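Student: Please give me a close look at a single part: the second chain, its helix packing and the side that it turns to its partner. I would like one connected account, with the terms explained as they come up.

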Amino acid sequence: MAESVLKQRVDATTAALAHRLFRGWKAAKQFLYGLTGYEFTRHALAMRHELEAIFMVVTMGDLIGIPMMPPIYSLRFLPYVVPEISAWKRQMARKREFLEKEEYDLHGL
Amino acid sequence: MNTLFAVAVGALTVYLAYTQYARRIDRKIIQSDPKRATPAKLYMDGVDFMPTNRNILFGYHFKSIAAAGPIVGAIEAATLWGWLPALIWLVLGVSFIGWVSDYSAIALSVRNEGNSLSAVAHRLVSPRTRLLLFLFIFFYLLLLAGAFVGIMASVLESQPRTHLGIILLVVMGLLLGQMLYRWKMGLVVATLITVGITLMGILAGPLTEAAFKGFNAALNAMTGGTPIVTYFDPTLANFKGAEAKIMPSLLFWAIAICIFCYAGSVLPIWRMAQPVVYVGFWITALAMFLGLFGAAVGALFKPAVAQFQIPAFKAWNPQLGPAGTMPLWPMLFVTIACGAVSGWHALFGTVGTARQIENEADMLPVGAGSMFAEFLLGLLALLAVSVGAKGAPVAAFANGLGGFISVWGVPRDYAVSLAFASFIVIVLVVTQLIFRVMRVTLSEWLGEVIPPFRNQHVASFISVLLAILLVLTGTRIYLWQLFGAANQLMAALSLLLVTVWLASMGRNWLYAGLPMAFMYVTTAASILVTAYNLYYNVYQPNIVAGRIVPVIGSGLMVVVALLLLVAALFIGVDGLRAFLKYLRRPAPAPRAAPARR
């Protein structure tokens, strides 16, 4: 009986230790990613965003007061761009110049 | 005294300051609430505002704030006053001011919709603060660029063993950008190739030393061994002052560095600046990682490399040159900037990191945690220069760091090569970013009044030209201390904003207000001392000797010092007015602190 309780306790301690080690390893991997690859990811996202912003302007420009395409084409694109509209409008509202490029920005200093 | 003891002091500082002070402030005063929506969640756009895991953000923020600052500052301070004052300031600075500034700036931005310091200052203090901030940023970057280009040019000129590694770093950086963004290669493979080749180039440095030495000699032979510029430098001849000579080889390396930085400033960021920084990061991280653990265990396994060689304390007021003065207060507190406290961290924290904070509970580990990690970097630099002892400060640092690395079985000569290269790499990659930000700041600051400044080539060229002028004056220590003063003033400004913000909410503002007052008075005093030193120690001897270039350079530095002081006074007066206004107003009803996590 006592042996079984002891075994259970040892198992529980081992499992807790393994869990802690796993969490530590995961945190270390995330830290390393933050130190290294995360910046590339952010920049790649910013580059994609710039291209998408141009696409949004030429298709949905009328949403921010720039009629760029006949509405029939805009309507065809509409289902694909709806998820992006709110983020795109927020970005456009923050920019001081119409096609301000991320890499030449002072990041709001 | 050995390094193990100092590392233990550092570890204890981090533990006590984080658990006993920082956590208490986070819980009692800032009252971070994990349930409150952060700007990253409220305004998520997938680019600037993006909720990010705290561990990733910790790495990202640490990498963004850790540069050459903690290394150069510790080297200069240990050389001037000894290792003990430097160690005490590092420990006290990070415990009571450094983390406060970094963490509070992030909290300020998170609670103010992710706004930058200037935007918050515009609202809380006065509208002209943003303009003053631009002035600050440009001149302090200029001072930093001048100091870094000068240091790098002299190290490259005197250490031909580093040339191959540095050339390969630039080439591999360009290749990495192409691999990642054009050829769409995986990051791991591209990293292994580019970092591996750069590392081999650095380790092979001693083999190519003779060839590059011959190259430098050939450059100097072009003028028959005559210097291009001669000036009085009070830091030479064991701080007694002597004539310094700028040889063609030094000018060549200074111009080469500026061309590299110019390219980094005008090319798309993915093409050069970002990948070069990335490759450089691995080299530096490797050297620092091996060095820090080497310093910790060196005392046990290789005691010879872990014994302090320089005096614990040298003097309260070391004399630099015939008329120079360098009192411990206030000069130590601006000489060591980034390892103890830095305004740049607060600036970056508000515009970069605060917009990615997923949960208010992450503000402390990310903001304060990164500052404590930077403190360890400063501590490592201090240990390296304290055990190195041989030659000029940078050489002593490389010698000491090389000793720590050699604990792991790397031959001493190769380890010193790696240490030298890691120093140059971290300074070089930061300098190109400095020129980039200088160019953008100049465009934003003067572009609307003088349209040519909006052209990136014009703005970059002017920035490079001003930096070269500062290099030709040569007084590296004064340049560094002026930069440190501007940087610490920025920290004082961010602490001022936090104090005003806390007062506006009726919270206890003392934890930010007292460090702000100390930093404000100290940095203002240090600017006056530096301006005095520059005038009597550099400007006057050179004007008597009729040397025009050093006169223009040191005169420019005196003007910059006075401009910084005036800007600081304006900001201080505006801040005090705003503070008193909020203090007189009845405090809002207190908000219940969230349950302890």
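Tutor: What follows goes from the confidence of the model to the partner contact, then to two helix pairs and a few single residues. This is a predicted model, in which local features need pLDDT of at least 70 and side-chain atom pairs count only at pLDDT 80 or more, while totals for chains, interfaces and linings use all residues. Residues are numbered from 1 along each chain as its sequence is written, and chains are lettered from A and ligands numbered from 1 in the order in which they are written.

For the complex, the predictor gives an ipTM of 0.80 together with a pTM of 0.85. Chain B has an average pLDDT of 85, with 96% of its residues scoring at least 70 (pLDDT is the predictor's confidence in each residue, from 0 to 100). Within chain B, the lowest confidence falls in helix α11 (residues 236-239), with a mean of 68, and the highest in helix α5 (residues 83-110), at 95; helices here are DSSP runs of H or I with at least four residues, strands are runs of E with at least two, and both are numbered from the N terminus.

The partner, chain A, has three helices and zero strands, and along its sequence the pattern reads α-α-α. Of the 109 residues in chain A, 9% are buried (20 or more other C-beta atoms within 10 Å of a residue's own make it buried, 12 or fewer exposed, and a count in between partly exposed, with C-beta atoms placed from the backbone).

Across the interface, 29 residues of chain B are in contact with 24 residues of chain A, a contact being two C-beta atoms, placed from the backbone, within 7 Å. On the chain B side, the elements that give two or more residues are α3, α15 and α18 (412-446), and α3(B) supplies the largest share, eight residues. By class, this side of chain B has 17 nonpolar, nine polar and three charged residues (Ala, Val, Leu, Ile, Met, Phe, Trp, Tyr, Cys and Pro count as nonpolar, Asp, Glu, Lys and Arg as charged, and the others, Gly among them, as polar).

Two of these elements also pack on each other within chain B. Helix α3 (residues 54-65) and helix α15 (residues 343-353) of chain B have axes 10 Å apart and an angle of about 140 degrees between them, where axes are lines fitted to C-alpha atoms, for helices over the stretch in contact, and angles run from 0 to 180 degrees between N-to-C directions. The pair α3(B) and α15(B) is therefore oblique (under 35 degrees is roughly parallel, over 145 roughly antiparallel, 65 to 115 roughly perpendicular, and the rest oblique). From α3(B), L57(B), H61(B), S64(B) and I65(B) meet W344(B), H345(B), F348(B), G349(B), G352(B) and T353(B) of α15(B). The residues of this contact between α3(B) and α15(B) are four nonpolar, six polar and no charged.

A second pair in chain B is formed by helix α13 (residues 273-301) and helix α17 (residues 393-406), whose axes come within 7 Å and cross at roughly 75 degrees. These two, α13(B) and α17(B), are therefore roughly perpendicular to each other. Here α13(B) contributes A287(B), L290(B), G291(B), G294(B), A295(B) and G298(B), and α17(B) contributes L401(B), F404(B) and I405(B), which by class gives six nonpolar, three polar and no charged residues in the contact of α13(B) with α17(B).

Helix α18(B), already named for the interface, leads on to single residues. L141(B) sits in helix α7 (residues 129-158) of chain B and is buried, because 24 other C-beta atoms lie within 10 Å. Its neighbours within four places in sequence aside, L141(B) is in contact with I434(B), V437(B), M438(B) and T441(B). The C-alpha atoms of L141(B) and F483(B) are separated by 7.5 Å, although their positions lie 342 residues apart along the chain.

L84(B), in helix α5 of chain B, counts as partly exposed, because it has 16 C-beta neighbours inside 10 Å, and, with neighbours within four places in sequence left aside, L84(B) is in contact with A312(B) and F313(B).

The backbone deserves a last look. The peptide bond from W329(B) to P330(B) is cis, with omega near 10 degrees, and P330(B) belongs to helix α14 (residues 328-335) of chain B. Q31(B), a residue other than glycine, has a positive phi near 55 degrees and is found in the loop between α1 (3-30) and α2 (39-42) of chain B. K184(B), also not a glycine, has a positive phi near 55 degrees and lies in the loop between α8 (163-182) and α9 (187-203) of chain B, where K184(B) counts as exposed, because it has 7 C-beta neighbours inside 10 Å.
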